[in-house]
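Thank you all for making the time this morning. Before I say anything, please bring up the sequence and the structure and take a moment to look at them together.

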Amino acid sequence: MSQHIELKYQISADDFTRAGEASSDVKSKLKQMGVSPEVVRKVAISMYEGEINMVIHAHGGDIKVTISPEEILMVLTDKGPGIPDIELAMQAGYSTAPDKVRSLGFGAGMGLPNMKKYSDEMDIETELGVGTTVTMSVRLQ
């Protein structure tokens, strides 16, 4: 792979029936490109967790994925409420998901911790009342 491939996805708020479609599409494309199963797994998990967070907490948003010979870069941008305390939100098990979402099996408080665990680099920029941008990368080598 010598060029960069860009993929863009729009994530709808509260649409649990379509949640995960973007990460599944990226997973499928990476497999077709012959990317190693370990890299595909890391990208799929980290992106899925971010996608679900956008559905639950952020009124939806946009995901841009750039695939290059060196890495897969995922930029998730929303116009949600922002994250008041990133350090607290990064703690496994901490969740602000409403009971309705938890009853669907989501909101266990593992989204951000799993995003960090399965990406090689992760950065969170957030502003209360404006939104959040999470940038994650997974190296191909």
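Let me begin with a question: is E21 buried, partly exposed or exposed? Before I answer, I should say that what you have in front of you is a predicted model. E21 is partly exposed, because its relative accessible area is 40%. Its side chain forms a salt bridge with R18, in which the closest N and O atoms are 3.0 Å apart, and R18 is likewise partly exposed, at a relative accessible area of 46%.

With that in hand, let me step back to the chain as a whole. There are five helices and five strands, and if you follow them along the sequence you will read the pattern β-α-α-β-β-α-α-α-β-β. The radius of gyration is 14 Å, which agrees with the value near 14 Å that a compact globule of 141 residues would have. Taken along the principal axes, the C-alpha atoms fill a box of roughly 45 × 30 × 25 Å. Of the 141 residues, 44% are buried, and the accessible surface comes to about 7,700 Å², with 49% of that belonging to carbon and sulfur atoms. As for how the chain comes back on itself, if we take the contacts between residues at least 6 apart in sequence, 63% of them join residues that are at least 24 apart.

Now to the charged pairs, of which the search of the whole structure finds seven that qualify as salt bridges. One of them is between K64 and E6, whose closest N and O atoms are 3.8 Å apart. This pair links distant parts of the chain, since K64 sits in strand β2, residues 61–67, while E6 sits in strand β1, residues 5–11, and the two are 58 residues apart. K64 counts as partly exposed because its relative accessibility is 34%, and E6, at 46%, counts as partly exposed too.

Another salt bridge joins the side chains of R41 and E38, at 3.8 Å from N to O. Here the sequence separation is small: the two residues are three apart in helix α2, which runs from 37 to 57, so about one helical turn separates them. R41 is partly exposed, with a relative accessibility of 41%, and E38 is partly exposed as well, at 44%. Elsewhere, K42, D120, E121 and R139 are joined into one network by salt bridges that share partners.

Let me turn from those pairs to a charged residue without such a partner. What does D78, a buried residue, have as its nearest side chain of opposite charge? That side chain is K79, and it is 8.1 Å away, so that D78 is left with no salt bridge. You will find D78 in the loop between β3, residues 71–77, and α3, residues 86–89. A polar atom of the D78 side chain does lie 2.8 Å from the backbone nitrogen of G80. Setting aside residues up to four places away in sequence, D78 touches M54, A58, G60, G61, V130, G131 and T132.

Next, please find helix α5, residues 111–118. Why do I call this helix largely enclosed by the rest of the structure? It is because six of its eight residues are buried, namely G111, L112, P113, N114, M115 and Y118. These buried residues pack against α2, α3, β4 and β5. N114 counts as buried because its relative accessibility is 14%, where the cut-off is under 20%, and its side chain makes a polar contact of 2.9 Å with the side chain of E49.

I will finish with V26, which is placed in helix α1, residues 21–32. With a relative accessibility of 0%, V26 counts as buried. Apart from its neighbours within four places in sequence, V26 is in contact with L7, Y9, V43, M47 and V65. By way of a distance across the model, V26 and Q91 are 65 residues apart in sequence and 27 Å apart in space, taken from C-alpha to C-alpha.

That is where I will stop, and I am glad to go back to any of these places on the screen.

Technical notes: Residues are numbered from 1 along each chain as its sequence is written. This is a predicted model: local features need pLDDT of at least 70, side-chain atom pairs count only at pLDDT 80 or more; totals for chains, interfaces and linings use all residues. Side-chain values use heavy atoms; hydrogens and water are left out. Helices (H or I, at least four residues) and strands (E, at least two) are DSSP runs, numbered from the N terminus. Buried means under 20% relative accessible area, exposed over 50%, partly exposed in between (1.4 Å probe, protein chains only). Lys and Arg count as positive and Asp and Glu as negative; His and the chain ends are not counted. A salt bridge is a side-chain nitrogen of Lys or Arg within 4 Å of a carboxyl oxygen of Asp or Glu. A polar contact is a pair of N or O atoms within 3.5 Å; within protein, one must be able to donate a hydrogen and the other to accept it, and residues adjacent in sequence count only if both atoms are side-chain atoms. Contact means heavy atoms within 4.5 Å. The radius of gyration is taken over C-alpha atoms; the globule rule is 2.2 Å times the number of residues to the power 0.38. Accessible areas come from the Shrake-Rupley method with a 1.4 Å probe; for residues, only the protein chains shown count as cover.
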